[in-house]
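Q: I would like a close look at the enclosed and open spaces of this model and at the strands beside them. Please take one part at a time and keep the account connected.

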Amino acid sequence: MRVKEAVKPLQEYVKPTETIELYFQQGSSDKVYHLQLESVEQQWSVHAQWGRRGSALQSDAKVSSVAYEEAKRVYDRIIREKTGKGYLIAQAKTNGDAPISVGLPSVKERSGHAPELLTPIEEPEALQLVQDASWWFQQKFDGRRLAVQKKDGQYSGINKLGQLIPIDSRLTKCLESVQAETFLVDGEITDSRFHLWDLLSINGTDLRIQPYEIRYARLGLVFRGVDDALRVCETAMTPKAKRAFVKAMHESRAEGFVCKNRNAAYAGGRAGQHFKYKFVTTSSFIVGPKPAAKAADGHRSIALYLFEENHQRFMGTVGVPERYAIPREGQIVEIRYLYCHPGADGKLIQAKYFGKIRNDVALGECSANQLKLKADESDPTES
């Protein structure tokens with residue numbers, strides 16, 4: 001009898017094709033750089049196109065007809081070189097599955113809309129709201145804050161800072177299926193979904209003075225089931241549903257959950273009327289120069305800083321995995337960590353960079369006040 005061979009994991013048969021689009025804007029310079037990692041009959045190549053935005057691009061094959069491992073090394077090396085020179089990533093995709101992207105504010109134009117920000121709380125405080133009928137629970141997604149306004153047939157994105165930003169044409173195409181002449185809808189965007197949680201105006205009617213439960217009901221009537229990329233956030237409303245919801249969020253390793261006051265009218269800024277609890281700790285840090293002792297250590301890492309009183313405080317270094325480009329100094333990055341040791345020299349413990357650069361966070365938000373500290377600990381250890 002013939003013995004069956006062990007089945008190999010799928011990834012041993014299928015290697016991912018990848019593409020990335022980068023851009024560089026400084027002074028009068030406005031350049032783009034496109035790169036593709038592709039295969040033909042298991043032979044891999046890396047192709048590049050570059051030049052001024054809007055002009056005919058030059059092109060070249062960086063490597064052709066080689067093994068995947070060699071092509072991947074070339075592809076990653078070019079990305080590191082370009083981002084090291086100040087190029088930023090506009091879009092990246094693997095196996096043709098491109099994320100929905102949002103752009104950067106070109107001139108930091110204010111939208112006139114002030115996003116309502118959530119107040120962080122700890123889980124015991126959140127669980128006290130389970131029995132209170134005034135509070136509803138929703139999932140906290142690991143995405144980017146986004147409101148979208150439709151006006152005069154045009155769509156505008158609004159980031160966490162209230163600045164106008166461009167949005168992906170695929171998202172606007174989904175929104176065109178919404179049966180409304182004008183609207184302002186709020187939510188959070190991930191790679192594949194626009195998660196909606198609030199409807200602030202529709203067809204000339206301002207809903208912000210209405211309780212949240214009214215706005216949420218109108219949101220569901222207008223947006224639910226319109227397109228798979230548009231998801232109205234599911235909401236747990238009863239004590240039983242909220243207990244089951246929290247359990248499910250833990251089991252699915254979600255980022256956390258949100259507590260919404262169903263009776264609250266809309267209030268821009270951090271009004272303290274809606275809360276969030278995150279299972280993992282994340283904070284925004286400024287990338288800065290490595291201290292002299294670490295400048296030439298050969299590690300693929302970045303130095304992190306926060307504002308404390310009137311100076312920038314060094315918070316330690318964190319490694320950058322090969323799959324991510326190295327952020328440049330001055331950029332703001334999101335970092336996960338277990339906790340920070342207390343004290344003036346306390347550093348982050350188990351810090352991890354997961355590829356998220358924040359263009360929607362102000363420098364002033366990168367403050368030591370946001371840190372989660374470990375109590376009764378001394379002898380800080382750098383991450």
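Q: What volume does the largest cavity have?

A: In this predicted model, the largest cavity has a volume of about 90 Å³, and a search of the whole structure finds 2 cavities of 30 Å³ or more. The residues that line the largest cavity are Glu116, Leu118, Arg145, Asp186, Trp197, Asp198, Tyr212, Arg215, Lys260, Tyr266 and His274. Two or more of the lining residues come from each of the elements β12 (194–202) and α5 (212–223). Sorted by class, the lining of the largest cavity holds 6 charged residues, 4 nonpolar residues and 1 polar residue.

The open spaces can be described in a similar way, beginning with the second largest pocket, in which about 950 Å³ of space lies. Its lining is made by 37 residues, and those that lie nearest the centre of the pocket are Pro120, Lys276, Lys278, Thr282 and Glu334. The elements that contribute two or more residues to this lining are β17 (275–278), β18 (281–288), β21 (332–337) and β24 (352–357), and β18 gives the most, with 4 residues. By class, the lining of the second largest pocket has 15 charged, 13 nonpolar and 9 polar residues.

Glu334, one of the residues nearest the centre of the second largest pocket, has its place in strand β21. Although Glu334 is among the lining residues of this pocket, Glu334 counts as buried because its relative accessible area is 7%, under the 20% that marks a buried residue. The side chain of Glu334 makes a polar contact with the side chain of Arg358, at 3.4 Å. When neighbours within four places in sequence are left aside, the residues in contact with Glu334 are Lys278, Thr282, Ser283, Ser284, Tyr353, Phe354, Lys356 and Arg358.

The strand that holds Glu334 is mostly covered, in that 5 of the 6 residues of β21 are buried. On the side of β18, strand β21 is joined by 6 bridges, and the two strands run antiparallel; within this pairing, Ile286 stands opposite Ile332 in β21. Strand β21 also pairs with β24, again in the antiparallel sense, over 3 bridges, and the bridge partner of Ile335 in β24 is Tyr353. Tyr353 is, in addition, one of the residues in contact with Glu334.

Strand β17, which gives two or more residues to the lining of the second largest pocket, belongs to an open sheet of 5 strands with mixed pairing and the order β6-β17-β16-β7-β15. The strands β6 (119–120) and β15 (235–236) stand at the edges of this sheet, each with a single partner strand, so one side of each is left without a neighbour in the sheet. For β15, the pairing with β7 (residues 135–140) is antiparallel and runs over 2 bridges, and Phe137 stands opposite Ala236 in β15.

A last point concerns a loop. Pro342 is found in the loop between β22 (339–340) and β23 (348–349), and Pro342 is classed as partly exposed because its relative accessible area is 26%. The C-alpha atoms of Pro342 and Leu371 are separated by 9.4 Å, while the two residues are 29 residues apart along the chain.

Terms used. Residues are numbered from 1 along each chain as its sequence is written. This is a predicted model: local features need pLDDT of at least 70, side-chain atom pairs count only at pLDDT 80 or more; totals for chains, interfaces and linings use all residues. Side-chain values use heavy atoms; hydrogens and water are left out. On a 1 Å grid over the protein atoms alone, a cavity is a set of points where a 1.4 Å probe fits but cannot get out, and a pocket is an open set with protein on both sides within 12 Å along at least five of seven lines; lining residues have an atom within 4 Å of a point. Grid points are joined across faces, edges and corners, and a volume is the space filled by probe spheres set on the points. Ala, Val, Leu, Ile, Met, Phe, Trp, Tyr, Cys and Pro count as nonpolar, Asp, Glu, Lys and Arg as charged, and the others, Gly among them, as polar. Buried means under 20% relative accessible area, exposed over 50%, partly exposed in between (1.4 Å probe, protein chains only). A polar contact is a pair of N or O atoms within 3.5 Å; within protein, one must be able to donate a hydrogen and the other to accept it, and residues adjacent in sequence count only if both atoms are side-chain atoms. Contact means heavy atoms within 4.5 Å. Two strands pair if DSSP finds at least two bridges between them.
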